[in-house]
Amino acid sequence: MNERLPYLREKTSKLTDFPGVYKMKNKDGQIIYIGKAKNLKNRVTSYFRMSADHTPKVAKMVENVYDYDFIVTDTEYEALVLECSLIKQHKPKYNILLKDDKGYHYIHISGDRYPKITAEKRVVDGGITLGPYTSPGVTKQTVAEVNKVFMLPVCHKKFPCTTAANKRPCLNYHIKQCMGVCMGKISEEDYSDIVRQAVDYIRTGSKESVDKLRAEMEAAAENLDFERAAQLRDRISSITKASETQKIIDSDIENTDIIASVSNPLGTCVSVIVYRNGKLVDKNSYFFEGADNDGTLYTDFIVQYYSSGHDIPKNIFTEYETEDASMISELLREQSGHAVHILYRQKGNMMKYIMLARNNASEFLSVRSGRTGRELIALEQLSKLLGLQKPPEYIEAYDISNLGSSSMCASMVVFENGRPLKKMYKKFSIKTVAVQNDYACMHEVLERRFRRFLDENEEDEGFRRKPDLIFLDGGKGQVNAVEPYLRMMGIDVPVFGIVKDNKHRTRAISTGGEEISVSSLKAAFTLITSIQDEMHRVAITYQKKLHSKIAFDSRLTSVKGIGEKKAAKLLSYFKTVSAISESTPEKISSVAGISESTASELLQKLNQ
């Protein structure tokens, strides 16, 4: 709790209603957060009010605020521009700050008589260097494609070749992936012209390159230079064929950036997929520790990303609606000199490109967290589906298993970051429920589990940790049976049921009143199915083990008046036949619900 809150509330009560920028400072006077506001008083008040429901990141920031300063502006747009400038100047701790987690990559055209095009990790002296590019994969793919399309040599030979051995063409020549410069049939002038076309192809993309080559082909044909026209025709064909293998966006949105993000408990990764001239040309990924994955993140990210020197496209697509999109568009228009549209999509043709960006973000995040991209996407989908504030890191799932009213038991399986955590599994034999009642059994299991959690002296790690999400095997009846009691105990964990069809397959997620379909979210559906299969497997295995204990010793059911159900009650209470034999007739009678004479007969048989 911040002891300065009374002072901060009093100061904020006198704040102006004008737009502006506020600067939160810590005890040492350092600026820890900078924000803009359409109404300074309303915005700053939201941080310090009594009932504020902040995200973890904002709550942490508020705890460290000792004082704040502000600058009044005439318009909200001026506040946005000022905020951007101040963030770059002060780099506050709690603002989203862009940091590259990797080096840059370059495309190099050597300065030799017969230049070669290569991918490099640094700027190479001599020749021409294109870049920098942040994606090594895109850089290497571009170089490989351009060398193949223009049939440029990729060998280590020095041209022109002087020895007979070096003049012998390699396999690439025979499979028509190299023009065979080593054979001495290509002049320096012709080769330089081809390299020029290749560089144009890299710089402008396939569409403009084809237009230029087509103009050159038509000019050659008019001059009756049919051999050159044929060469250019073949080159156009190669470029067109190569372009068909690329991911091409519709021509009206060819100058486009696609931005998407994925979160896990460690933080959020944002990826930008860059398309120019209908072709993917680059990818940038950024990691933000503790960032909230929502529209606010996109607002902060877009402003900083394009203010730091990145090429500003005509269209920016995101998966979330960006706050202040029109105002940010105006800021980017002034920076770039052309109109900029910020759009968001959650369905339609653009979703496949947003999913491409999300997949890149998840793979980048998986490297940092040791999780696979699919697991991260599954948890992200699950959190959005269930309306959780963040992806669930620690999930517990419960299933009841029995044979009628005998061998009643339950399993608790645990998934951490999308994977089974078997050392935390628990098994429960039902103690207080005498006849088959799945609701009562689930109630007993959850009560026992969280009584252990609330016990300050509890030493078992599996009971000391509170889950982020609870799944129950069953529909709304199971949820309604245990959720109110958990709330009474002060356990504020989201509870959902996993609903199965008549073939015992996952069908939906159940709340206390409705069902949520999961079949359209492949990654989340796969994770939920895995959880359901695992908790069912553990419950059935334990139930069979309990039943085998009951069936193993026929002495319990050989006494008249004691059947399987009464024998199950005795074993459930006493755990072992040996413990039963050491008890008294009165105790056995009360546990199993039999007469004392029958209990005495059982003891006599067990002690023979």
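A residue counts as buried here when its relative accessible area is under 20%, as exposed when that area is over 50%, and as partly exposed in between. Keep that yardstick at hand as we walk through this predicted model.

## Salt bridges

Let's begin with charge. Side chains of opposite charge can pair when their charged atoms come close. Across the whole structure, a search finds 21 salt bridges. Three of them are set out below.

| Pair | Closest N to O distance | Separation in sequence |
|---|---|---|
| Asp324 and Lys36 | 2.5 Å | 288 residues |
| Glu319 and Lys384 | 3.7 Å | 65 residues |
| Arg449 and Glu396 | 2.7 Å | 53 residues |

Take Asp324 and Lys36, whose side chains meet in a salt bridge. Asp324 sits in the loop between strand E10 (315–318) and helix H10 (325–336), while Lys36 belongs to strand E2 (residues 31–37), and the pair links distant parts of the chain. Asp324 has a relative accessible area of 26%, so this residue is partly exposed. Lys36, by contrast, has 14% relative accessibility and therefore counts as buried.

Glu319 pairs with Lys384. Glu319 lies in the loop between E10 and H10 and Lys384 in helix H12 (residues 373–386), so this bridge ties together parts that are 65 residues apart in sequence. With a relative accessible area of just 7%, Glu319 is buried, because the cut-off for that label is under 20%. Its partner Lys384, at 38% relative accessibility, is partly exposed.

In the third pair, Arg449 comes from helix H13 and Glu396 from strand E12. Arg449 is buried, with a relative accessible area of 0%, and Glu396 is buried at 0% too. Beyond single pairs, salt bridges that share partners join Glu319, Arg358, Glu380 and Lys384 into one network.

## The nonpolar cores

Which residues have the most contacts inside the largest nonpolar core? They are Tyr398, Val445, Leu446, Phe450, Ile470 and Leu472, in a core of 27 residues. Two or more residues each come from strand E12 (394–403), strand E13 (406–416), helix H13 (438–454), strand E16 (469–473) and helix H15 (476–488). H13 gives the most, with five residues.

Phe450 is a good place to zoom in. Setting aside neighbours within four places in sequence, Phe450 is in contact with Glu396, Tyr398, Pro467, Ile470, Leu486, Met489 and Ile491. You have already met Glu396, the salt-bridge partner of Arg449. A second, separate core holds 26 residues, including Tyr77, Ile259, Val303 and Tyr306.

## Helix H13 against helix H15

How do these two helices meet? H13 and H15 pack at an angle of about 35°, and their axes are 9 Å apart. The crossing of H13 past H15 is right-handed. From H13, the contact is made by Asp438, Tyr439, Met442, His443, Leu446, Glu447, Phe450 and Arg451, and from H15 by Gly477, Gln478, Ala481, Val482, Tyr485 and Leu486. By class, this contact has eight nonpolar, three polar and three charged residues. Two of the names here, Leu446 and Phe450, also appear among the residues with the most contacts inside the largest nonpolar core.

## Ile34 in strand E2

Now back to strand E2, where Ile34 lies. Is Ile34 buried or exposed? Its relative accessible area is 0%, so Ile34 is buried. Ile34 and Val21 are 13 residues apart in sequence, with their C-alpha atoms 7.1 Å apart in space. Leaving aside neighbours within four places in sequence, the contacts of Ile34 are Val21, Tyr22, Lys23, Glu83, Leu86, Ile87, His90, Pro92 and Asn95.

## Backbone points to look at

A few loop positions deserve a glance on your screen. The peptide bond from Phe159 to Pro160 is cis, with omega near 0°, and Pro160 is found in the loop between helix H5 (136–149) and helix H6 (171–174).

Lys91 is not a glycine, yet has a positive phi of about 50°. This residue lies in the loop between helix H4 (76–90) and strand E4 (105–109) and, at 55% relative accessibility, counts as exposed.

Leu224 also has a positive phi, near 65°. Its place is the loop between helix H7 (188–222) and helix H8 (226–243), and its 61% relative accessibility makes Leu224 exposed.

Note on methods
Residues are numbered from 1 along each chain as its sequence is written. This is a predicted model: local features need pLDDT of at least 70, side-chain atom pairs count only at pLDDT 80 or more; totals for chains, interfaces and linings use all residues. Side-chain values use heavy atoms; hydrogens and water are left out. A nonpolar core is a set of buried Ala, Val, Leu, Ile, Met, Phe, Trp, Tyr and Cys residues joined through side-chain atoms within 4.5 Å. Buried means under 20% relative accessible area, exposed over 50%, partly exposed in between (1.4 Å probe, protein chains only). Helices (H or I, at least four residues) and strands (E, at least two) are DSSP runs, numbered from the N terminus. Contact means heavy atoms within 4.5 Å. A salt bridge is a side-chain nitrogen of Lys or Arg within 4 Å of a carboxyl oxygen of Asp or Glu. Axes are lines fitted to C-alpha atoms, for helices over the stretch in contact, and angles run from 0 to 180 degrees between N-to-C directions. A crossing is left-handed if the near helix is turned anticlockwise from the far one by less than a right angle, and right-handed if clockwise. Ala, Val, Leu, Ile, Met, Phe, Trp, Tyr, Cys and Pro count as nonpolar, Asp, Glu, Lys and Arg as charged, and the others, Gly among them, as polar.
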